[in-house]
Amino acid sequence: MTSSSSNHAVRSYLSVDYAGAESSALLMDLHVPADAPGEVPVVIWLHGGGWFTGDRTLAPDLAACAARTKMAFASIDYRLSGEAKFPAPLDDVITAIRHLRARGAQWGIDGARIGVWGASAGAHLAALAALKASAPAPEAPSDAQVACVVACYPPVDLEMIIAQRPAGRSWEQTPEGRLLGVDPETGPGQLVAQQASPLGHVSAQAPAFLICHGTADELVPPVHSQMLFERLEAESVPAELYLLQDYRHGFINPPGRLDVQLAAVMDDGRLEAEVRAPALARNTRQPGTRDTTFGFAEIENFLSAHLQAANPHRQTPRGHSES
């Protein structure tokens, strides 16, 4: 079922089935600026929750983002690990990208200009989908390429994060293990973990990345974002990294909603409340590290820079030129 609403600045289409699955619907909420002069880019939001909880409503105020940036924002549900194991949620993200590329015009969306933005488990899926689609491999889903990625505190090496689990906890008791459904310390499990880890899929064809992470994150250590940035840098991919000083996990989340029930190690709502956070920044196109501040403005500016001014011909998937 689809419903729509409008606050004059944004048209919202709620509970849109983007997959048409026979067993259960995969839904998205779509927010489109109402006063755009033509078709607009779209950013797909992917929620956190350790791949086992959360839904498309665990998101920043995407209607407000659409009004400010004059871009559309789509928040999607994907299958959680209690329902289906990897690669099911990745397949759902790719399906959503393809759906908006093929059918976005009905909502005033330019399907040639798509970005992805996620937090935690959603950042993992955003990065993985973008990197796999851009990989120079025959099996790459090139019709699901995106122009840019915003990854907030992403786990990028699942084998490593499972190996570093607390003493006494089995691999099945970790969110990553529940996603994989197989022990990564076995041969077959290691292969699945490698396929599910964004770090191993970086290539020179990857889209631009903005990565942000809290230095006090106990759930996903900031080294994950640092490793991803350095791998992108090694491939000469445009990328920005912001390390927010003394911020913990979940700072992109709205207040009052938790990725997981671990309030003592979460910072839900903090960035929204504080607006600007002290941060260390790195950029693949500039040497060194600089002191700065970070907020939602950096995310919106990055998305606008890579989508609003983008060349649709350049972003059309390989073999699908629109010229």
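What radius of gyration would a compact globule with 323 residues have, and what does the chain have? For a compact globule of that length the expected value is near 20 Å, and the chain has 18 Å, which agrees. Before going further, I should say that what we are looking at is a predicted model. Taken along the principal axes, the C-alpha atoms fill a box of roughly 55 × 45 × 40 Å. The chain contains ten helices and eleven strands, and buried residues make up 56% of its 323 residues. If we take the contacts in the chain with a separation of 6 or more, 68% of them are accounted for by residues 24 or more positions apart.

Let me turn to the interior. In soluble globular proteins, nonpolar side chains tend to be buried together. Here the largest nonpolar core has 65 residues, and the ones with the most contacts inside it are M28, L30, L100, W107, F209 and L232. Helix α3, which covers residues 121–134, gives the most to this core, with ten residues. To take one of those well-connected positions in detail, L232 touches V202, A206, F209, I211, V237 and A239, when residues up to four places away in sequence are not counted. Apart from this core lies another one, of 35 residues, and among them are V10, M71, L271 and F296.

Next, the aromatic side chains, of which six pairs are found in the structure. In the pair formed by Y13 and W107, the ring centres are 6.5 Å apart and the planes stand at 50°, so this pair is classed as tilted. It links distant parts of the chain, since Y13 sits in strand β2 (residues 10–17) while W107 sits in the loop between α2 (88–103) and β6 (109–119), the two being 94 residues apart. Y13 counts as buried at 17% relative accessibility, and W107, which we have just met among the residues with the most contacts in the largest core, is buried too, with a relative accessible area of 9%.

How are the rings of F73 and W117 arranged? Their centres are 6.4 Å apart and their planes are at 75°, so this pair is edge-to-face. F73 belongs to strand β5 (residues 72–76) and W117 to strand β6, so the pair ties together parts of the chain that are 44 residues apart in sequence. Both of these residues are buried, and together with W45 they form one aromatic cluster.

Two rings also have a charge placed over them. The charged end of R178 sits over the ring of F52, at 4.5 Å from its centre, and R270 lies over the face of Y247, at 3.8 Å from the ring centre.

That brings me to the charged pairs. Side chains of opposite charge can pair when their charged atoms come close. The structure holds 14 salt bridges, and I would like to go through three of them with some care.

In one of them, the side chains of D110 and R113 meet with an N to O distance of 2.8 Å. D110 counts as buried at 12% relative accessibility, and R113 is likewise buried, with a relative accessible area of 10%.

The next joins E233 to R282, with the closest N and O atoms 3.8 Å apart. This pair links distant parts of the chain, as E233 is in helix α7 (residues 223–234) and R282 is in strand β10 (residues 277–283), 49 residues apart. Are these two residues buried or partly exposed? E233, at 32% relative accessibility, counts as partly exposed, and R282, at 23%, counts as partly exposed as well.

My last individual pair is E298 with R276, where the closest N and O atoms are 2.8 Å apart. E298 lies in helix α9 (residues 296–307) and R276 in the loop between α8 (270–274) and β10, so the pair ties together parts that are 22 residues apart in sequence. E298 counts as buried at 19% relative accessibility, the limit being under 20%, whereas R276 is partly exposed, with a relative accessible area of 33%.

Finally, salt bridges that share partners join R248, D267, R270 and E274 into one network. R270 therefore appears twice in this account, in that network and over the face of Y247.

Definitions and conventions:
Residues are numbered from 1 along each chain as its sequence is written. This is a predicted model: local features need pLDDT of at least 70, side-chain atom pairs count only at pLDDT 80 or more; totals for chains, interfaces and linings use all residues. Side-chain values use heavy atoms; hydrogens and water are left out. Rings of Phe, Tyr and Trp (its six-membered ring) pair if their centres lie within 6.5 Å; planes under 30 degrees apart count as stacked, over 60 as edge-to-face and the rest as tilted. Helices (H or I, at least four residues) and strands (E, at least two) are DSSP runs, numbered from the N terminus. Buried means under 20% relative accessible area, exposed over 50%, partly exposed in between (1.4 Å probe, protein chains only). A charge sits over a ring if NZ of Lys or CZ of Arg is within 6 Å of the ring centre and within 35 degrees of the ring normal. A nonpolar core is a set of buried Ala, Val, Leu, Ile, Met, Phe, Trp, Tyr and Cys residues joined through side-chain atoms within 4.5 Å. Contact means heavy atoms within 4.5 Å. A salt bridge is a side-chain nitrogen of Lys or Arg within 4 Å of a carboxyl oxygen of Asp or Glu. The radius of gyration is taken over C-alpha atoms; the globule rule is 2.2 Å times the number of residues to the power 0.38.
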